[in-house]
Amino acid sequence: MDIRPNRDANGRVVALLVIILLLLTPHTPETATVSTTRVAAPPFVRSPARVSDVLAPAAAPQVAPPPLTTTVNVNVLFIGFDQSQLPADGTPDPFAVNPFWFDILLPPSADPVVASWLDFGLLAPAGYHVDFRYARQFAPASLEQRFFALLTQIGEPAPRTSWQTRYNNQVHNAVDIPDQILRIDGATVEQWLSKETKTIPGFTDSGYTLVFVNWWGHPGFQFHVYTGTGVDPDTGRNLADLDAATMAWGGTYGKLWFYDASAGPDAETSNWNVDDNFVTGAYHPDEVNRLIYGPLPDYRFPPFWEMNNFPDTQNDFIRDEDIGFNLAVIARTAILGRVAAVPLYDPVATAPVRSGRKLLKIVIVDGNPSYDATRFLSTDWLEKRLEELQPMYQWDVSVSIRPLDAEAWSAFTLWTHYWDFLNWPPAGQDCLGGFGYYALQCYANAHPEFSGPADASDAVVTFLMFNLSEEVRLATVPIFAPLGIAADDGTPFPGVGVMWNSPAVQERRHKETPGVGLSDIIGHEVGHLAGQMHPFNIWDPDLFGGESSQFTAPWLYVHDQSRTTMGYYSEPSGFGAFDQEVNARNLAASYYGHAFSLLTSTSGPAAAGIGTKLTTAAALFQSGKNLAAARAAREAYESLAQIGQKPAARPSTAQRFGSGDPLRHCALVQTPGCDRGSAKFKSAGAPSVKPEFADLLKKFGFPPN
Ligand SMILES: [Zn+2]
């Protein structure tokens with residue numbers, strides 16, 4: 001679960017967009033030894049004979065497939081930063097980038113897991129291993145000058161944001177931001193950088209590019225922010241117009257993301273606040289989470305001009321000691337959160353078979369007929385976005401309306417009781433023993449017309465939307481209840497999507513008018529059900545001891561600042577290059593693993609030729625052709641799977657950790673068998689922080705929990 005509450009115009013707390021995870025992860029610090037050692041077999045692509053080994057009658061029925069592996073190139077460019085001349089021993093340098101930090105903090109490799117399994121006490125690999133190959137350059141002066149000229153040229157003079165005014169009103173701010181600043185279109189900057197970085201010696205054209213920018217201290221500097229690209233199809237809310245502007249952008253035209261340390265300060269990451277350890281009145285009011293999990297200090301990465309401005313005795317949570325360290329941490333989490341992003345759910349769990357379609361059935365349970373919520377729902381937009389995320393499938397989005405009758409009302413109120421953490425535990429139980437967590441899932445399951453496929457080869461995603469009046473919403477929906485959620489089905493597989501709506505949602509969001517329609521939110525939740533995770537949920541056992549999130553580290557919100565419907569900032573922007581790549585990679589790995597599982601229990605003619613297909617898939621995967629790899633692995637899987645057959649869990653690839661009950665969703669602290677009392681978001685059993693840099697990181701307050 002991650003709760004995203006929001007305050008509306010009148011200061012009422014409106015619990016906004018929530019989904020799954022993190023806090024729901026079972027925490028069992030006292031136990032567990034989990035080995036994350038990968039299968040020692042050589043890469044499948046170099047050893048196709050392995051298939052026949054597995055097919056041999058003597059083979060164990062549950063055999064992990066030979067791992068898919070790939071190498072991803074990552075270019076890292078610094079524009080406007082000096083290279084630090086200090087010794088490479090972690091000596092802090094506030095104003096220049098010591099490459100030392102990138103040497104030790106950029107991940108050499110990653111082994112993503114499927115996040116939903118963590119809620120069931122199981123560590124389940126996503127099915128691939130990725131090695132990273134880095135190229136790093138400091139931009140020459142000529143490129144710097146041309147880049148800063150571009151910012152001056154395309155920036156639109158505008159009043160400073162209200163968040164910059166808040167910054168000016170701090171006691172300890174180093175500078176005052178003038179009345180007029182520049183608003184700069186992030187996508188145009190991204191496009192320019194994308195072209196320029198192709199000509200930099202040592203950079204590769206394939207793979208990902210991270211660009212770190214500093215304009216501060218260079219001739220012609222002006223205070224500035226970036227604007228995102230994306231318009232809500234239902235309300236017209238335009239990211240480009242938002243007062244909450246960004247310091248970063250990317251993913252619009254390709255796999256490039258830039259972060260400008262001399263922009264802002266911004267709203268999302270709270271770095272406008274340089275006075276307090278705990279940021280009140282933040283853009284994302286995470287106070288609600290503090291109510292449940294206790295105070296977590298708000299670690300912030302300040303703008304460049306604030307470096308070295310804060311003795312730790314004054315504020316220990318502002319990372320002003322070393323700009324290179326800050327950028328390396330952002331780079332690390334960008335790579336693990338974007339490039340090797342964990343899937344929330346197994347993406348094949350909602351896949352159709354052969355020529356089948358993905359049917360998104362939106363059911364509006366109407367408790368407020370005087371407010372026509374369908375005015376704020378665009379099925380065309382949803383179809384386009386979802387096919388952008390998963391071009392392999394044909395999506396078909398339909399809407400039906402039914403009354404909020406007694407049965408629906410009873411299910412809804414049981415569900416709301418689950419989220420009333422101030423009166424826990426609720427008296428009621430749902431059909432899956434989830435204290436109401438599954439109440440709406442149970443309601444949908446009792447109505448096969450919600451989920452019955454038109455054709456056995458189709459896959460159905462059911463989405464329930466409860467349309468409420470403001471009065472009913474205020475009386476029934478607790479402040480902790482998510483606006484939307486993509487819940488599991490009582491196992492680590494996806495269940496139904498759910499949201500409630502009231503007129504206030506369309507009116508305001510994040511303190512700005514207009515608010516959002518239904519399409520953005522449904523797109524985000526269905527994105528989860530199709531496998532995608534938030535860009536700020538980072539699986540990083542080495543640094544964070546497990547999964548980290550924006551609650552652990554508010555600066556992780558910066559990863560929202562790109563084209564992704566999976567963030568909390570830019571839902572209307574669509575599924576950009578990062579989402580597309582990650583979904584295809586996870587689909588390929590999942591189809592490959594499922595096909596391999598079926599292969600172990602199949603023999604004779606059905607298995608003939610499958611080894612070749614899987615070998616092809618592995619070769620495509622290794623060369624970075626993820627969508628083609630997914631198609632090849634899908635072909636292998638579908639020639640073995642029965643129509644309508646749900647992909648089986650692959651228990652041989654999931655390792656139990658801690659004392660989590662693998663049969664029960666560890667939804668809350670109180671769930672029997674689950675220890676989720678820790679506020680530190682650590683999944684016990686994950687490897688500890690690498691000893692060689694643990695001490696250094698500690699000096700900087702990391703890991704920050
Ligand atoms: Zn979400």
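**Exercise 1. Strand β11 and its sheet**

Which residue does Thr209 stand opposite in β14? Describe also how the strands of this predicted model are arranged around β11.

*Solution.*

Step 1. Thr209 stands opposite Leu256 in β14. Strand β14 covers residues 256-260, runs parallel to β11 and is joined to it by five bridges.

Step 2. Strand β3, residues 68-79, also runs parallel to β11, and six bridges join the two. In this pairing Leu77 is the residue opposite Val211 of β11.

Step 3. Strand β3 is further joined to β8, residues 128-138, by eleven bridges, and these two strands run parallel as well. Here Phe78 stands opposite Phe138 in β8.

Step 4. The complete open sheet has six strands in the order β6-β8-β3-β11-β14-β13, with mixed pairing. Its edge strands, each paired on one side only, are β6 (109-110) and β13 (248-250).

**Exercise 2. The two faces of β11**

Determine which residues of β11 point each way, and decide whether the strand is enclosed or not.

*Solution.*

Step 1. In a regular strand, side chains alternate between the two faces of the sheet.

Step 2. Tyr208, Leu210 and Phe212 point one way from β11, while Thr209, Val211 and Val213 point the other way.

Step 3. A residue is buried when its relative accessible area is under 20%. Six of the six residues of β11 (208-213) are buried, so the strand is largely enclosed by the rest of the structure.

**Exercise 3. The nonpolar core**

Which residues have the most contacts inside the largest nonpolar core? Examine the surroundings of Phe102.

*Solution.*

Step 1. The largest nonpolar core has 205 residues, and those with the most contacts inside it are Ile79, Phe102, Phe147, Phe212, Tyr259, Leu360 and Ile522. Helix α8 (residues 323-339) gives the most to this core, namely eleven residues.

Step 2. When its neighbours within four places in sequence are left aside, the contacts of Phe102 include Val76, Phe78, Arg136 and Phe212. Also among them are Gly324, Leu327, Ala328 and Ala331.

**Exercise 4. The zinc site and helix α15**

Identify the protein donors of the zinc ion, and relate them to helix α15.

*Solution.*

Step 1. The protein donors are the NE2 atoms of His524, His528 and His534, at 2.0 to 2.1 Å from the zinc ion. Their spacing in sequence is H-x3-H-x5-H.

Step 2. His524 lies in α15 (residues 518-529) and His534 in the loop between α15 and β20 (538-540), so this pair ties together parts that are ten residues apart in sequence. Both His524 and His534 are buried.

Step 3. Helix α15 has twelve residues and reaches 16 Å from its first C-alpha to its last, close to the 16 Å expected at 1.5 Å a residue. Twelve of its twelve residues are buried, so the helix is largely enclosed by the rest of the structure. Just after α15, Gly531 takes a positive phi of about 120 degrees.

**Exercise 5. The disulfide**

Which cysteines form a disulfide, and is each of them buried or exposed?

*Solution.*

Step 1. The count comes to one disulfide. Cys431 and Cys442 form it, with their sulfur atoms 2.0 Å apart. The link is left-handed, with -95 degrees about the S-S bond.

Step 2. Cys431 lies in the loop between α10 (406-418) and α11 (439-445), and Cys442 in helix α11, so the pair ties together parts that are eleven residues apart in sequence.

Step 3. Cys431 has a relative accessible area of 55% and is exposed, whereas Cys442 is buried, with 13%.

Notes
Residues numbered from 1 in each chain as written. Predicted model: local features only at pLDDT ≥ 70, side-chain atom pairs only at ≥ 80, totals over all residues. Heavy atoms only, no water. Buried < 20%, exposed > 50% of the residue type's maximum accessible area, 1.4 Å probe, protein only. Helix = DSSP H or I, 4+ residues; strand = E, 2+ residues; numbered from the N terminus. Pairing = 2+ DSSP bridges. Donors = N, O, S within 2.8 Å, 3.2 Å for Na, K, Ca; no water. Core = buried A, V, L, I, M, F, W, Y, C linked by side-chain atoms within 4.5 Å. Contact = heavy atoms within 4.5 Å. Disulfide = S-S within 2.5 Å. Expected span 1.5 Å × (residues − 1).
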